[in-house]
Amino acid sequence: MASDKVAIIGSTGRGDYGHVLGGVWKSMENCEVLAVADQDEVGRHKAMTRTGAARVYADYREMLDREMPQIVAVCPRWIDQHRDMVLACAEHGCHMYMEKPFCRTLGEADEMIQACEMRHLKLAVAHISRWSPQLEMVRKVIQAGEIGDVLEIRARGKED
């Protein structure tokens with residue numbers, strides 16, 4: 001089976017690699033991690049080991065130019081660079097899986113979405129609770145009446 005070519009953008013010390021967003025690709029059978037980009041030298045070499053990337057780059061734009069991946073994981077959690085990273089990936093024809101939050105403004109969001117739509121690219125944001133096996137199980141237990149009448153649900157995020 002042909003492998004999807006994946007590149008990973010991280011930023012050690014500035015949002016890092018999301019919530020292990022960079023590491024999931026190594027375990028996927030149909031993906032080959034080509035490279036990782038990080039401005040921090042120590043961080044990019046640690047990421048290379050962690051992700052199984054074949055090569056490392058200090059500049060994500062150079063990585064995109066040289067590697068020509070099909071999918072890019074945009075991992076930094078600080079949003080000040082998300083727009084530029086997404087636009088660069090879109091210009092290179094890459095689908096993206098990106099750490100949340102999306103971006104700083106509605107204007108940036110519109111620009112990012114338009115760049116992807118005009119090239120027929122997919123951009124997914126890592127909102128894990130939109131669908132997760134745990135939530136589906138909770139829904140089934142409540143609907144089956146297994147825990148009685150639910151009067152209130154309280155939930156807490158990761159608080160990080």
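Author: Glad to look at this one with you. A salt bridge here is a side-chain nitrogen of Lys or Arg within 4 Å of a carboxyl oxygen of Asp or Glu. Please keep in mind that this is a predicted model.

Reader: Thanks! How many salt bridges does a search of the whole structure find?

Author: Side chains of opposite charge can pair when their charged atoms come close. One such pair is R14 and D80, with N to O at 3.1 Å. Searched as a whole, the structure has a salt bridge count of 9.

Reader: How many residues apart in sequence are the parts that R14 and D80 tie together?

Author: R14 is partly exposed, at 33% relative accessible area, and D80 is partly exposed too, at 30%. Their side chains meet in a salt bridge. R14 sits in the loop between β1 and β2 and D80 in the loop between β4 and α3, so the parts tied together are apart in sequence by 66 residues.

Reader: Which helices hold R83 and E111?

Author: The side chains of R83 and E111 form a salt bridge, with N to O at 2.8 Å. The pair ties together parts 28 residues apart in sequence, since R83 and E111 lie, in that order, in helices α3 and α4.

Reader: Which residue is linked with R83 and E111 in a network of salt bridges?

Author: R83 is partly exposed, with 23% relative accessibility, and E111 is partly exposed at 31%. Salt bridges link these two in a network whose other member is D84.

Reader: Are K100 and E99 buried or exposed?

Author: These two side chains also meet in a salt bridge, N to O at 3.0 Å. Buried means under 20% relative accessible area. By that cut-off, both K100 and E99 are buried.

Reader: Let's turn to the interior. Which element gives the largest share of the largest nonpolar core?

Author: This core has 27 residues, and those with the most contacts inside it include I9, Y60, V72 and M96. Among the elements that give it two or more residues are β1 (4-9), α2 (60-67), α3 (82-91) and α4 (106-117). The largest share, 6 residues, comes from α3.

Reader: How many residues are in the other core, which lies apart from it?

Author: The largest core counts V72 and V74 among its residues with the most contacts. The core that lies apart from it has members including Y17, V33, I71 and A73, and its residue count is 14.

Reader: Which residues does V72 touch, leaving out those up to four places away in sequence?

Author: V72 is one of the residues with the most contacts inside the largest core. Setting aside residues up to four places away in sequence, V72 touches A7, I9, L64, C89, C94, H95, M96 and Y97.

Reader: C89 and C94 are both in that list. How many disulfides does the structure have?

Author: A disulfide is a covalent bond between the sulfur atoms of two cysteines. C94 is buried, with a relative accessible area of 0%, and the nearest cysteine sulfur, in C89, lies 5.3 Å away. C116 is buried at 3%, and its sulfur is 8.7 Å from the closest cysteine sulfur, again that of C89, too far for a bond. The number of disulfides found in the whole structure is 0.

Reader: Within what arc do the buried residues of α1 fall, seen down its axis?

Author: Helix α1 spans residues 41-51, and its buried residues are G43, R44, A47 and T51. Elements covering them include β1, β2 and β3 (55-57), while the face turned away carries the exposed residues E41, V42, K46 and T49. The buried residues line one face of the helix because, seen down the axis, they fall within an arc of 95°.

Reader: Which residue caps the N-terminal end of α1?

Author: At the other end, α1 is followed by G52, with a positive phi near 80°. At the N-terminal end, a side-chain oxygen lies 3.4 Å from the backbone nitrogen of V42, and the residue providing this cap is D40.

Reader: Finally, what percentage of the residues in the protein chain is buried?

Author: The chain has 5 helices and 6 strands, in the order β-β-α-β-α-β-α-β-α-β-α from the N terminus. Its C-alpha atoms fill a box of roughly 60 × 35 × 35 Å along the principal axes. Of its 160 residues, the buried portion is 36%.

Conventions
Residues are numbered from 1 along each chain as its sequence is written. This is a predicted model: local features need pLDDT of at least 70, side-chain atom pairs count only at pLDDT 80 or more; totals for chains, interfaces and linings use all residues. Side-chain values use heavy atoms; hydrogens and water are left out. A nonpolar core is a set of buried Ala, Val, Leu, Ile, Met, Phe, Trp, Tyr and Cys residues joined through side-chain atoms within 4.5 Å. Buried means under 20% relative accessible area, exposed over 50%, partly exposed in between (1.4 Å probe, protein chains only). Helices (H or I, at least four residues) and strands (E, at least two) are DSSP runs, numbered from the N terminus. Contact means heavy atoms within 4.5 Å. A disulfide is a pair of cysteine sulfur atoms within 2.5 Å. The arc is that of the directions from the helix axis to the C-beta atoms. A polar contact is a pair of N or O atoms within 3.5 Å; within protein, one must be able to donate a hydrogen and the other to accept it, and residues adjacent in sequence count only if both atoms are side-chain atoms.
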